[in-house]
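Student: Got a minute to go through this model with me? I'd like to start with one of the helices.

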Amino acid sequence: MAIDRFSRLASIPALTICALIGTLIGGIMARPAAALTLLRDADIEHGLTELAFPILRAAGLNAARVRVLVVEDSSFNAFVVDHNTIFLHSGLIEKVGSARMLQAVIAHEAAHIANGHIARRIGNLHSARNAAGLGAVLGIIAAAAGGGQAAGGIAIGTQSAAYRTFLSHTRAEEASADRSAASFLAWSGIDPRGLLELHHAFEGQELLSLANQDPYMRSHPLTRDRIRAAEDYVAAQGDRIPPDPNHDYWFARVRGKLSAFARAPAWTLRRAPEEAHRDIRLMREAVAWHRQADRARALARIDAAIALRPEDPYYYDLKGQILMENRRWSEAAAACEKAVDLAPRDALILGGLGRAQLADGQLKAGLDTLEKARARDFRDARVLRDLALAYARDNQPGMAALLTAERYALAGQLADAGIHARRAVIRLPRGSPPWQRAQDVLSASEKHQTRN
Ligand SMILES: [Zn+2]
């Protein structure tokens, strides 16, 4: 049944940026090239931004550019691969007990970025003798950063030992990241004791065999010395800081939405009444009823949530999703339009509207909206797929081939990407920007093939 999928928390198939990254960090090495899936949801990503923003600012990072993305994985892990993205496993979000613990994780990862640990690692890779495929890794990192052309720099990587060490931090880096994280938290008005709570959650794991440790423990080695040092930094930050109601709200909402899609609807319906924020409770119930195929109850709940927060774009976005999956195209498009009115720059919300417009038969408007979404975030494989379909329907086979090529490239399937890129190059006007994009994919694909 369509609505029983992880729907809008959509699975992006086999994103190579993540698959490769996955091979780099300890735990996931055991399942090489396993496809990691990003959970893309406008509401959840916005909530994580609310939680991360003050910390990123305190860290001196560009808070508007650094994004916190969720990887669908039930284990406890968080990692960074570049200067612009912090990856959190969904299992971590589910397992941390409070906003300040989650913020401690974000602060610690932000510190790895701010303290130059990523830059140093990229520098090491540059000078690594065994550098075959190195460009590929860097390209993937650049792609993950979300800037520039998507496919040009994307290529599949290898699993050499050089990469394997890429993501695990040294003990010195861990100590420095903890010290900075405690400061970032205190400067942001967030109680740094979340950091200690995080450490205590892992206490004793260093005694376990690697296979029994959480991947976070392996990529961020924890020792008694480190815990003691962190206790000192936290104590030095002074008095206890009361929780921020806005942070508590978004923490509850992020967790509530994740669990509403991940857990059985019966679980959500049983637990939702414990939720203190009425709109979050209604949102969780709306998702649960939707997944039970009870459209009337789902719509009643989301409408009640909207009545409580009429300016909230993400509730309209969810309403649009519910209507879409009930094949009520024009009502879905109307709800998504309202969401775009309220959050005109959100790529995921734009993607939702574009899909609804296409389903509603508004081909030109849908193409236009999806192109806007792609311009803001080329990593959304759904947008690339929908654009390819829309261009095909609009009798633009060259563009359809280009978007398909880019989608394959993003998934690391460079041989397939090359086939479609070649088709695009033949059909697109020579020298035009789309032709250039197709050339970029083609050369990435050819480079990949000579390398292997
Ligand atoms: Zn670390």
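Student: Which residues of helix 11 are exposed?
Tutor: D225, D232, A235 and A236 are exposed, on the other side of helix 11 from its buried residues. Exposed means over 50% relative accessible area, buried under 20%, partly exposed in between (1.4 Å probe, protein chains only). Helices (H or I, at least four residues) are DSSP runs, numbered from the N terminus.

Student: OK, and which ones are buried?
Tutor: R226, I227, A230, Y233 and V234. They sit on the same side of helix 11 because they cover an arc of only 120° around the axis, taking directions from the helix axis to the C-beta atoms.

Student: What do they pack against?
Tutor: Helix 4, helix 8 and helix 9 (193-202), with contact meaning heavy atoms within 4.5 Å.

Student: Any caveats?
Tutor: This is a predicted model: local features need pLDDT of at least 70 and side-chain atom pairs pLDDT 80 or more, while totals for chains, interfaces and linings use all residues. Residues are numbered from 1 along each chain as its sequence is written, and side-chain values use heavy atoms, leaving out hydrogens and water.

Student: Switching to the metal: what coordinates the zinc ion?
Tutor: H108 (NE2), H112 (NE2) and two OE entries from E174, at 2.0 to 2.5 Å. Donors are N, O and S atoms within 2.8 Å of the metal (3.2 Å for Na, K and Ca); water is not among the atoms, so sites may look incomplete.

Student: Where do H108 and E174 sit?
Tutor: H108 is in helix 4 (residues 99-114) and E174 in helix 8 (residues 171-187), 66 residues apart. Both H108 and E174 are buried.

Note on methods
Helix = DSSP H or I, 4+ residues; strand = E, 2+ residues; numbered from the N terminus.
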